[in-house]
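This briefing is meant for a reader who is meeting the structure for the first time. It goes through strand pairing, the nonpolar cores, the salt bridges and one loop residue in turn.

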Amino acid sequence: MGDLSDFQLGQTVELQDGQTATVQYVGQTDFAAGSWIGVVLDHATGKNDGSVQGKRYFNCPPGHGMFVRPTATKILDQPTPKANGRIQLKVNGEGATKRQSVVPGRLRRESVMDATSAKRQSINADSPTPSLKGPGSRNILRV
């Protein structure tokens, strides 16, 4: 059971009756006061197609859509990362972006961009400081 700010589009949630669904809408609606989560159910046991009283909030097949209160759901899984390879998350209560990268021939590396400092922070083991390459290398500052 969660607060409205805990929900993101694409998350998998469990409803109070045990059904699983995917979040497609988070926010206020015109059909009733308060905050609502619009979900697409795995099976056609819903009440709508993402529209209520003539207003479309999201798209899904008829009978697969439903609106529930945030307190009536449990988050099971986070959304799949978008094509840019970034996932929104919270670090120490602050918003941050997690970036995953793959270096050919090496293991996957992960780092966290702290939203307050804009510095990358390794969430894996410490990495060594790069060393100079060969005897002819010089420390030169180019401007």
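Two strands are said to pair if DSSP finds at least two bridges between them. The model is predicted, and one pairing in it joins β3 and β6, which run in the antiparallel sense over four bridges.

**Strand pairing**

- Within the strands, V40 stands opposite G65, a residue of β6.
- Strand β6 covers residues 65–68, with G65 and F67 pointing one way and M66 and V68 pointing the other way, and all of these residues are buried.
- As a general matter, side chains in a regular strand alternate between the two faces of the sheet.

**Nonpolar cores**

- The largest nonpolar core has ten residues, namely F7, V13, L15, A21, V23, I37, V39, L41, M66 and V68.
- Two or more residues of this core are given by each of β1 (12–15), β2, β3 and β6, and the largest share, three residues, comes from β3.
- A second, separate core has eight residues, among them Y25, Y57, F58 and C60.
- Returning to the largest core, which includes V13, one can list what V13 touches once residues up to four places away in sequence are not counted: F7, Q19, T20, A21, V23, V39, T73, K74, I75 and L76.

**Salt bridges**

- The structure holds two salt bridges, and one of them is formed by K55 and D30, whose closest N and O atoms are 3.1 Å apart.
- Because K55 lies in strand β5 (residues 55–56) and D30 in the loop between β2 and β3, this pair ties together parts that are 25 residues apart in sequence.
- The partners of this pair are described by their accessibility: K55 is partly exposed, with a relative accessible area of 38%, whereas D30 counts as exposed at 59%.
- D49 and R56 also form a salt bridge, with 3.2 Å between the closest N and O atoms; D49 is partly exposed at 22% relative accessible area, and R56 is partly exposed at 41%.

**T29 in the loop**

- T29 is found in the loop between β2 (20–28) and β3 (35–41), and with a relative accessible area of 11% T29 is buried, because buried means under 20%.
- The side chain of T29 reaches the backbone oxygen of A32 at 3.1 Å.
- When neighbours within four places in sequence are left aside, T29 is in contact with G34, W36, Y57 and F67.

How values were computed: Residues numbered from 1 in each chain as written. Predicted model: local features only at pLDDT ≥ 70, side-chain atom pairs only at ≥ 80, totals over all residues. Heavy atoms only, no water. Buried < 20%, exposed > 50% of the residue type's maximum accessible area, 1.4 Å probe, protein only. Polar contact = N/O pair within 3.5 Å; in protein donor to acceptor, adjacent residues only side chain to side chain. Contact = heavy atoms within 4.5 Å. Salt bridge = Lys/Arg side-chain N within 4 Å of Asp/Glu carboxyl O. Core = buried A, V, L, I, M, F, W, Y, C linked by side-chain atoms within 4.5 Å.
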